[in-house]
Every structure is written in structure tokens, then in C-alpha cells.
Amino acid sequence: SSSNQVVIIKADVSSSATSSRTIIMSIANTTDVKADGLESQMDIPSGSISGATTGSTLTIAASGSLTVSLNSGSPVAATKGKGNTGVEFAKFDLTAGTGEDIIISSLTVRAYQGSGTGTVASTGDITNMKLMDGDTQLGSTVANPTSGVGAFSANLTVSAGTVKTLTVVADIPTGTSASSLHIDLPGAGTIYEDIVSTGVSSGADITETGSATGKLMTIATPSLVGAMSASPAAATKVVNSTGVTIGRLLLTAGSGEDVKVSTVKVRFDDATTLDGASSANSELRNVRLYDGDTQIGGLVATITDGTADYAQFTGITNLTVTKAQTKAIDIKVDIVSGTTTYYCGIATGDITGSGVVSGTSVTSTGTGYSAALTLAASGTMTATVDSSSPVNANIAVGTNGVTGIEMAKFRFTTQIG
């Protein structure tokens with residue numbers, strides 16, 4: 001009687017099988033089939049067997065995947081000074097799917113000026129680019145990326161279902177022309193060209209997905225702004241007073257880097273314009289600068305005659321202003337003669353220095369003048385009855401008298417220090 005039977009052929013695919021290879025199961029010839037009749041127990045002749053056939057084509061393919069994204073702990077937008085080394089620009093997450101482990105053989109990142117990918121970083125804008133897996137460097141340092149491109153050999157395995165975080169660090173040379181930089185993966189490239197990865201089990205090339213854009217780092221040159229504090233308040237001091245604080249200089253460094261101050265010019269005048277002739281050069285002496293109790297630079301014994309008169313401090317080695325911070329410097333003088341009212345202060349360009357990291361020259365901006373210091377030939381003193389002085393009272397002395405009676409309290413006040 002007529003009937004049919006379905007025979008299923010199964011096999012295992014080795015982990016060493018090559019991706020894109022094909023497997024075809026077929027019955028190519030009728031002689032490949034041997035059969036016996038169930039009742040006769042006799043071989044069925046090959047001529048009585050028909051229907052040579054070919055099964056479907058099966059292709060070996062990868063089961064893994066790799067996705068790129070920006071790590072949540074990637075550096076935020078910030079200001080970085082020229083000359084900074086080992087700057088972290090971005091952290092990228094590489095996530096392997098659950099299908100299989102992924103091995104990454106190469107990875108390329110790209111640096112750009114400004115936002116977006118319209119302007120690639122010029123050669124020399126960024127140097128010594130490195131790709132880090134924690135404390136382990138992957139591939140070689142790209143000393144001078146051409147057009148901002150950093151290509152790295154990786155040989156990095158990302159286990160199935162896990163995330164590997166890579167960090168891009170680089171130096172910002174003092175000669176960079178960029179005002180801002182960021183690093184992307186893949187940027188204007190394509191993710192499947194900028195990452196080469198393979199499934200460990202399948203051996204198949206992986207089609208990567210995703211992208212990551214690092215935050216913009218503003219590149220700043222060192223800067224310094226000078227101003228004068230409102231304190232100390234206006235005062236009167238007598239001749240021969242020494243170490244009188246006539247003003248307080250405020251120095252504020254920009255956010256790019258610390259500034260090492262090398263010269264300070266302090267102007268003196270009898271007007272707040274600080275631009276005329278006065279007798280400060282003969283009535284004031286021994287100008288000093290102090291950071292708290294520490295003297296800054298040397299002593300300027302004699303003020304230079306000019307319009308305005310000035311004290312010039314040079315060769316300062318112990319004054320550094322921390323980036324994005326303000327340092328207060330007291331200006332002290334000795335009074336030798338006169339009854340004039342004086343002011344001290346600064347103009348743009350009166351303070352110079354350099355960036356601590358970059359060595360870039362810095363010239364101050366900002367102006368200001370102090371409160372008035374009036375000179376007096378002598379002080380004055382006033383005597384008054386103190387408010388705690390005893391009130392009118394009768395004192396009983398008795399036959400033996402009384403001792404230690406408080407009769408009065410007087411307060412003596414000086415008007416000039």
C-alpha cells in the first residue's frame with residue numbers, strides 16, 4: 001500500500017565554523033537510498049526508487065551584537081587650559097548582546113573643533129591621544145592625530161551581555177588653534193567602519209550600532225583680572241606710622257589655569273583718577289605687598305615720581321593665583337611726612353605673569369582705586385566722662401574714714417591712629 005515517512009536530519013554547528021559558509025543537505029542519486037520491502041524483506045531495486053532532491057541552503061551567521069553609547073560618567077563640558085596633559089575627553093560604553101562574546105580588533109575616534117562635526121580638529125590642535133580600558137592602554141599613543149583622527153588596535157573582548165567602558169584622553173598643546181574641542185565615536189565617520197568587531201563563537205563580522213558624542217571642552221588661555229577692594233575703609237594716619245595698609249589688591253585668575261604673577265605696579269595719587277602728579281613719592285616710603293602674613297616680592301623703598309607716582313615690583317616668585325579663584329594682596333606703606341589725602345590703585349596691564357601649566361604670558365585687565373588715606377602731622381585726644389562713671393552720691397565716712405572710693409571714670413579717645 002502507498003504511504004510516506006518524513007526523515008529529519010539534524011547536526012551540530014561547530015563554534016569554529018566560518019561565518020557565511022553554506023550547508024546543503026541533498027539526496028543526489030537514487031542509489032544513495034537503500035530500502036527493503038516490509039513484507040518481502042527483499043531489497044528494492046534502485047530503479048524502483050525515484051525523487052533525487054536537494055534541501056534548502058543554510059548559511060552560518062553571527063548571533064552577536066555590539067552597541068555604542070556615551071557613558072553616564074563621561075566628562076561634562078568644562079574649560080581646559082592650554083598645556084594641560086592627560087585630559088579626559090569622553091567615556092564610551094560598548095555593550096555586547098547576549099548572543100555571544102565580541103572581540104574588538106580596532107577602534108577609531110575623531111576630534112572636532114566647536115560643536116557638531118563640521119570642523120575637524122587641525123593637526124596639532126590635540127596631541128598624545130590614548131584609548132584606555134581602566135588603567136590599561138589599548139593600542140599605541142597617537143602622538144599627533146591627523147585631522148583629529150585617533151585609530152587604535154584593541155584586541156579587546158566584551159563578554160556577552162556585558163558593558164565595557166573605554167576612556168579617551170589626550171593633551172592640549174600650548175600651540176593649539178582650537179577654541180573648543182570634543183571627541184566622538186563615530187562622528188562624521190560610520191560606526192561599522194570605525195569599529196571592527198567579530199563574534200567569538202561565530203567568527204562573523206559584527207554590524208555595530210549606536211553612536212556617542214563627547215561634551216565640548218572650551219580651550220582657554222590664562223587670564224588675570226585686577227581690582228581694588230572697598231576695604232580697608234577711609235582712614236587718617238599720622239606721620240611716622242609704619243606698615244599702614246593703604247589698599248587691598250584683588251587678583252582673579254580665569255578658569256583656564258593657575259597664574260604665576262611676576263610683576264605688580266601700584267599707582268599713588270591725590271585723586272582717584274590715578275593719573276596726575278603728586279607728592280606721594282616724597283611723603284610715602286617702603287611699599288610692601290602681603291598675602292596674609294607673607295610678604296610678596298621685595299621692598300620698594302622709594303616710590304617713583306610720575307603721573308601717577310608708582311611702586312614697581314619685579315621678579316616676584318611667590319605669588320600664584322589659583323584658576324577661577326581670587327587672591328587678596330594688602331598694600332602697605334610707611335608715612336614720612338605731609339597732610340595730603342592719597343589713593344592707590346591699578347590700571348589695565350599693571351600686573352603681568354604666566355600660566356603655570358602653559359607658560360603663556362598674561363597681562364592683567366581691570367582697574368580700581370582704594371579708599372582715601374589722609375596724612376596728619378599729629379594725632380588728637382579727647383577726654384570725656386565714661387558712661388560707667390559713678391553717679392552723684394553721699395558717702396558716709398564715719399569716725400575712721402573710708403578707703404578705695406571710686407570717684408570718677410574718664411575715657412580718653414584718640415581721633416587719629
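**Entry 1: cis peptide bonds**

I started at Ala 308, which I found in the loop between strand 21 (294-302) and strand 22 (309-313). The peptide bond joining Thr 307 and Ala 308 is cis, with omega at about 10°. I keep in mind throughout that I am reading a predicted model. I then looked up Pro 186, which lies in the loop between strand 11 (180-185) and helix 1 (191-194), and I noted that a cis peptide bond joins this proline to Leu 185, with an omega of about 5°. I flagged both bonds because most peptide bonds are trans.

**Entry 2: positive phi**

Next I turned to backbone phi, since most residues other than glycine have a negative value. Asn 240 has a phi near 80°, which is positive although the residue is not glycine, and I located Asn 240 in the loop between strand 17 (235-238) and strand 18 (244-253). Is Asn 240 buried or exposed? I recorded Asn 240 as exposed, because its relative accessible area is 62% and the cut-off for that class is over 50%.

Asn 286 also came up, with a positive phi near 50° in a residue other than glycine, but I found Asn 286 within strand 20, residues 284-291. Its relative accessible area is 24%, so I entered Asn 286 as partly exposed, the class between under 20% and over 50%.

**Entry 3: the largest pocket**

I then asked how much space lies in the largest pocket, and the computed value is about 510 Å³. Its lining consists of 19 residues, and those nearest the centre are Val 7, Ile 9, Ile 27, Val 33 and Thr 53. Which strands each supply at least two residues of this lining? I listed strand 1 (22-27) and strand 2 (53-59), and strand 2 gives the largest share, with 4 residues. Sorted by class, the lining holds 9 nonpolar and 10 polar residues, and I found no charged residues in it.

**Entry 4: Ile 9 and the nonpolar patch**

I followed Ile 9 further, since Ile 9 is among the lining residues nearest the centre of the largest pocket. Ile 9 sits in the segment before strand 1, and I counted it as exposed because its relative accessibility is 61%. Ile 9 also belongs to a nonpolar surface patch of about 600 Å², which it makes together with Val 7, Val 13, Ile 23, Met 25 and Leu 58. Val 7 therefore appears twice in my notes, once in this patch and once among the residues nearest the pocket centre.

Note on methods. Residues numbered from 1 in each chain as written. Predicted model: local features only at pLDDT ≥ 70, side-chain atom pairs only at ≥ 80, totals over all residues. Heavy atoms only, no water. 1 Å grid on protein atoms, 1.4 Å probe; cavity = no way out; pocket = protein on both sides within 12 Å on 5 of 7 lines; lining within 4 Å. Points joined across faces, edges and corners; volume = space filled by probe spheres on them. Nonpolar A, V, L, I, M, F, W, Y, C, P; charged D, E, K, R; others polar. Patch = residues over 30% accessible without salt bridge, like charges linked within 9 Å, V, L, I, M, F, W, Y side chains within 5 Å. Areas by Shrake-Rupley, 256 points an atom, 1.4 Å probe, with all protein chains shown as cover. Salt bridge = Lys/Arg side-chain N within 4 Å of Asp/Glu carboxyl O. Buried < 20%, exposed > 50% of the residue type's maximum accessible area, 1.4 Å probe, protein only.
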